[in-house]
Amino acid sequence: MSILDRDLNGINASLVRMLSLVREEVELAKRALINADIPAAEECIELDKKVDDLQEELEQRILTVIARRQPAATDLRFLGGMHWALIDIERAGDNTVHVARIAADLAQEAPLKKYLDSERSLVVLDTMIETTIKALAEGNLEAAKEAHAMDSEIDQLHEQIQRELLTYMLEDPRTITKASKLLSMARHLERAGDHIENMNEHIIFWLTAERI
């Protein structure tokens, strides 16, 4: 194995680690929301510092490999695409932290409604990240396409949540404060899905040299 191959494998493994941390954040945010688990929300917030640190480390490693090893073709696409993907992974983590913060806030009040659609969004996001990890670790094009397609369900759930909460607010203005928090949560879930979708676009470009 060449020095470049070792560098690439190490970067791939660290990207998988970064995605795994974000997936763990998603699980903690779900616990915070569904179980009114404030410590889980706090753990999610703390965990995000590791994501940020790993992003900073990987940015430097990727740029160093490009400068020192002068990769070409597929290897260069991998490094360039993953450099851009770091931003999406980090922002997906940030969005998940916002979900956890809102969940912790909601945990201190009586719920406006059951959080079925928000819970489903978190479940889909978790599966999406799991499939993205498979795509990245294995260089699996079909897994990347599968994960990319999952974002449509999160978008549909976001629209459904919006419609339902707007109805609540119009029928009873006393629900506006809680409904607004849930609307914000839904928006952060939708944005997290978008970032993981973007991540898979970078993987697809790496594997095919085609943008979608």
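The packing of helix H6 against helices H4 and H5 is described here, followed by aromatic features. The model is predicted; local features require pLDDT of at least 70 and side-chain atom pairs pLDDT 80 or more, whereas totals for chains, interfaces and linings use all residues. Residues are numbered from 1 along each chain as its sequence is written, and side-chain values use heavy atoms, without hydrogens or water.

Helices are DSSP runs (H or I, at least four residues) numbered from the N terminus. Axes are lines fitted to C-alpha atoms over the stretch in contact, with angles from 0 to 180 degrees between N-to-C directions. The axes of H4 (residues 116–138) and H6 (residues 176–208) come within 10 Å and cross at roughly 15 degrees. H4 is therefore roughly parallel to H6 (angles under 35 degrees; over 145 counts as roughly antiparallel). Their crossing is left-handed (the near helix is turned anticlockwise from the far one by less than a right angle). Among the residues in contact (heavy atoms within 4.5 Å) are Leu122, Leu125 and Ile129 of H4 and Leu189, Ile196 and Trp206 of H6. By class, this contact of H4 with H6 has 13 nonpolar, five polar and one charged residues.

The axes of H5 (residues 141–171) and H6 come within 9 Å and cross at roughly 165 degrees; the two helices are therefore roughly antiparallel. This crossing is also left-handed. The contact of H5 with H6 comprises 17 nonpolar, seven polar and eight charged residues.

Arg211 lies over the face of Phe205, at 3.8 Å from the ring centre (CZ of Arg within 6 Å of the ring centre and within 35 degrees of the ring normal).

Notes: Angles under 35 degrees count as roughly parallel, over 145 as roughly antiparallel, 65 to 115 as roughly perpendicular and the rest as oblique. Ala, Val, Leu, Ile, Met, Phe, Trp, Tyr, Cys and Pro count as nonpolar, Asp, Glu, Lys and Arg as charged, and the others, Gly among them, as polar.
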